[in-house]
Amino acid sequence: MSSSRPLRLALFGSGRIGQVHARNLAADPDIELVLIADPFIDAARALASQTGARAVQDPEEVFAAQDLDGVIIGSPTNTHVDLMTRAAERGLAVLCEKPIDLDLDTVLACRDRVKNATAPIMLGFNRRFDPGFAAVNARVAAGEIGPLEQLTIISRDPAPAPRGYLETSGGIFRDMTIHDLDMARFFVPDIVEVTAVGANQFSDEIRELGDYDSVVVTLRGRGGELISITNSRHCSYGYDQRLEAFGPEGMLEARNLTPTAVRKHDASGTELQDPIMNFFLERYAEAYRLELQAFARAIRSGTAPSPGFADGLAALVLADAAVESAQIGKTVKVEQIW
């Protein structure tokens with residue numbers, strides 16, 4: 001594809017994630033956001049007025065357009081498979097937010113329908129593009145700490161999402177932990193065992209929904225690597241996002257981000273700093289921007305993007321295994337179907 005003209009993209013969804021993508025699209029001189037589709041047309045119109053796009057209510061108007069290069073799917077999870085499949089059948093590139101779907105059989109059926117897609121299909125595991133996490137991954141791959149032995153991932157939300165969201169989220173493993181499961185596979189693609197423990201430590205509402213508010217997951221790679229994931233739905237000091245890779249020759253660490261790097265030393269303490277960022281859209285703002293650039297490169301080059309459909313399938317397989325392990329109290333072996 002010629003790089004002399006902007007890519008023409010459409011966006012499904014004008015909610016929180018849709019707004020992030022729309023603003024990044026509008027800020028990129030090499031991309032033109034053409035259409036924003038949302039059944040809640042007022043929200044789509046408000047976002048379109050900020051970005052120069054045209055708002056439409058019916059997705060058919062997106063698929064009827066003759067001059068699009070791709071679509072970004074930031075609509076509710078239960079729409080992902082239909083929109084992805086229809087886009088792929090029309091030869092449009094796809095960037096779809098996670099998860100592909102909450103049901104594994106539905107995802108497998110979708111895979112069969114898009115397996116011959118001629119345009120790239122990319123999954124929105126944006127944390128792979130976080131500069132800190134990506135740098136640790138690259139340095140591990142370069143052998144800086146020797147063979148990876150242990151990977152520790154900590155992810156804690158500032159507070160639980162609203163009840164309405166939690167009711168349809170698929171539970172903590174498929175909604176929250178799934179990002180960390182993909183991050184685990186970013187470092188150790190071949191996971192063979194999942195052991196998960198869930199607890200209800202502070203939220204009666206989450207307990208009533210039959211879900212956990214706190215979980216710990218241990219994964220084992222085929223090479224013996226051990227990965228530990230710690231999640232909580234609350235955190236008094238902000239959005240806690242850390243990663244540590246350990247090997248025989250050292251350790252690499254990606255710490256929490258603060259608005260500035262300024263540190264204060266006085267009688268009350270040392271190394272006093274700004275609070276860590278409190279919202280995922282702030283913490284991963286750069287990751288979303290870099291993710292979009294990677295999607296654009298995949299469209300122009302026609303190459304398979306990473307993370308792709310298989311990564312979305314793999315993350316759901318691991319999430320389902322974590323659900324099962326927490327329920328039965330045993331380690332679950334993973335069958336690699338991706």
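These legends walk through four close-ups of a predicted model.

**View 1. The parallel sheet, strand by strand.**
Here six strands line up as an open sheet, and reading across it gives S3-S2-S1-S4-S5-S6, with parallel pairing. At the edges sit strand S3 (54–56) and strand S6 (121–123), each of which pairs on one side only. Going from one strand to the next, the twist averages 20 degrees. For anyone tracing the ladder, strands of a sheet pair through backbone hydrogen bonds, either parallel or antiparallel. Zoom in on the S3 edge and you'll find strand S2 (residues 31–37) running parallel to S3, the two joined by three bridges. One residue pair to pick out is Ile 36 with its bridge partner in S3, Ala 55.

**View 2. Helix H1 over the sheet.**
Helix H1 (residues 16–27) is the one to follow in this close-up. It lies across strand S1 (7–12), S2, strand S4 (70–73) and strand S5 (93–96). Relative to S1, helix H1 runs at about 165 degrees.

**View 3. Where helices H5 and H12 meet.**
Two helices share this frame: H5 (residues 104–114) and H12 (residues 309–328), whose axes come within 10 Å and cross at roughly 165 degrees. That angle is over 145, so H5 counts as roughly antiparallel to H12. As for handedness, H5 passes H12 in a left-handed crossing. On the H5 side, the contact is made by Leu 104, Val 107, Leu 108, Cys 110, Arg 111 and Val 114. Facing them from H12 are Phe 309, Leu 313, Leu 316, Val 317 and Asp 320. Sort the residues of this contact by type and you get nine nonpolar, no polar and two charged.

**View 4. Antiparallel strands S8, S9 and S10.**
This view takes us to strand S9 (residues 214–221), which pairs with strand S8 (residues 191–199) in the antiparallel sense over eight bridges. To get your bearings on the S8–S9 pairing, look for Ile 191, standing opposite Gly 221 in S9. S9 also runs antiparallel to strand S10 (residues 226–232), with seven bridges joining them. Along that pairing, Thr 218 has Ser 228 in S10 as its bridge partner. S9 and S10 form a hairpin, with four residues between the two strands. Check the turn for Gly 224, which has a positive phi of about 90 degrees. If you're following side chains here, keep in mind that in a regular strand they alternate between the two faces of the sheet.

Key. Residues numbered from 1 in each chain as written. Predicted model: local features only at pLDDT ≥ 70, side-chain atom pairs only at ≥ 80, totals over all residues. Heavy atoms only, no water. Axes fitted to C-alpha atoms, helices over the stretch in contact; angles between N-to-C directions. Parallel < 35°, antiparallel > 145°, perpendicular 65-115°, else oblique. Left-handed = near helix turned anticlockwise from the far one by under 90°. Contact = heavy atoms within 4.5 Å. Nonpolar A, V, L, I, M, F, W, Y, C, P; charged D, E, K, R; others polar. Pairing = 2+ DSSP bridges.
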